[in-house]
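Got your viewer open? Load the model, switch to a cartoon view and keep the selection box handy.

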Amino acid sequence: MMTSEKAIFSHEGYCPICERNVEFRANHTWFRDHLICSGCGSIPRERALFKVIAEHFPNYRDLKIHESSPGGRGASIKLHRECAGYSASQFYPKIERGNINRTSGYRCEDLEHLTFENETFDLFITQDVLEHIFHPEKAFIEIGRVLKSGGAHIFTTPLVNKAKKSERWASLSDKQEIIYHHEPEYHGNPVDPNGALVTMHWGYDIATLITKEAHMPTTIIEIDNINLGIRAEYIEVLASWKL
Ligand SMILES: [Zn+2]
C-alpha cells in the first residue's frame, strides 16, 4: 500500500485486523486518513473499531452481525470474510427499503427505518455514518430494536466537538428540504460521488443522548497505541449496549 509514495512516518507494529506484524506508513501528517497498514490498507479508526469488537466479542466469527454502509476495507472486509453471519446494507434513496440493489448486490436499508425484525443481530456496526443522518436519535432507537439482548452497536463517528455540546449541522424541513445551519460539509461516500452531507457535529454528550433516547448505556473508548497503529484525532470507538 502506498509504497510508491514517500512515507513521512513509518512504524513496525501489530495490526489488530491482520492479526500479524505489519508496517504502518503515512505520507501525510493527518494520520486519521493516512496512517495505513501495509497488510490490509486500514486506517487507525478501523483498527480501533476492530480491537474493540475482538475484545468485547472474541467469538465474533460465530455472531450475527450487520454493518450499515461498509467502506470496503479493513474491518468490513475481515468481518465479511470471517463471519458466516455477517450481512451489510447501504442506503439508496431510490430503492425500496429491504430490497437488493442489483448493481451493487447490497440490500437497501435506511437506519431511521430498518426493515429487520426485532432482536435480529448480536452486533451492529457503523463506521463514520452517524454524522450523516438527519434524525440520528431515530437511528439509535432502530439499531437498539434490531439488536438482541446483550448485543451492542459498536461504531465510530468523529466527536469533533469533544466536550462542547453536539451541534446539528444540517436538518430536514417538514417539506423534506435540507436546512443548512452552518457551511455545508461533505465527507467521502462509497455509494455517492457527491459525498455525504454532514448533519451532526458530535461531542462527548452523544453517549448521554443514546443512553436517554435508545435506552442503551453507551461508552466512549479512546485508544492511543502506536504499536497497534492506533493513533490519530477523532478515532474514539463507541459501544452502546442492548440491555
Ligand atoms: Zn492490517
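Is V237 buried or exposed? Keep in mind that you're looking at a predicted model. Select V237 and expand around its C-beta: there are 23 other C-beta atoms within 10 Å. The cut-off for buried is 20 or more, so V237 counts as buried.

**Stop 1: around V237.** Color the strand that V237 sits in, β16. Next, show what V237 touches, leaving aside neighbours within four places in sequence: A48, L49, V52, I154, T156 and I221. For a long-range check, pick E183, which is 54 residues away from V237 along the chain. Draw a distance between the two C-alpha atoms and you should get 27 Å.

**Stop 2: the sheet.** Now select the strands. Seven of them make an open sheet with mixed pairing, and the order to follow is β6-β5-β4-β7-β8-β16-β15. At the edges, pairing on one side only, are β6 (107-108) and β15 (218-221). Zoom in on β15 and its partner β16 (residues 237-241): they run antiparallel and share four bridges. To see across that pair, show I220 and, opposite it in β16, L238.

**Stop 3: helices on the sheet.** Select 136-146 for helix α4, which packs on the sheet and touches β7 (121-127) and β8 (147-156). The directions of α4 and β8 make an angle of about 140 degrees. Then select 206-214 for helix α5, lying across β15 and β16. Relative to β15, α5 runs at about 160 degrees.

**Stop 4: a helix pair.** Two numbers are handy here, since a pair of packed helices is described by the angle between the axes and the distance between them. Select 44-56 for α2 and 74-82 for α3: the angle is about 40 degrees and the axes are 8 Å apart. That angle makes α2 oblique to α3. Turn on side chains where they meet: E46, L49 and F50 come from α2, while G74, A75 and K78 come from α3. By type, the residues of this contact are three nonpolar, one polar and two charged. You've come across L49 already, among the contacts of V237.

**Stop 5: what covers α3?** Stay on α3 and select its buried residues G74, A75, S76, K78 and L79. Their cover includes α2, along with β4 (65-68) and β5 (86-90), two strands you'll recognize from the sheet order.

Technical notes:
Residues numbered from 1 in each chain as written. Predicted model: local features only at pLDDT ≥ 70, side-chain atom pairs only at ≥ 80, totals over all residues. Axes fitted to C-alpha atoms, helices over the stretch in contact; angles between N-to-C directions. Parallel < 35°, antiparallel > 145°, perpendicular 65-115°, else oblique. Contact = placed C-beta atoms within 7 Å. Nonpolar A, V, L, I, M, F, W, Y, C, P; charged D, E, K, R; others polar. Pairing = 2+ DSSP bridges. Buried ≥ 20, exposed ≤ 12 C-beta atoms within 10 Å, placed from the backbone.
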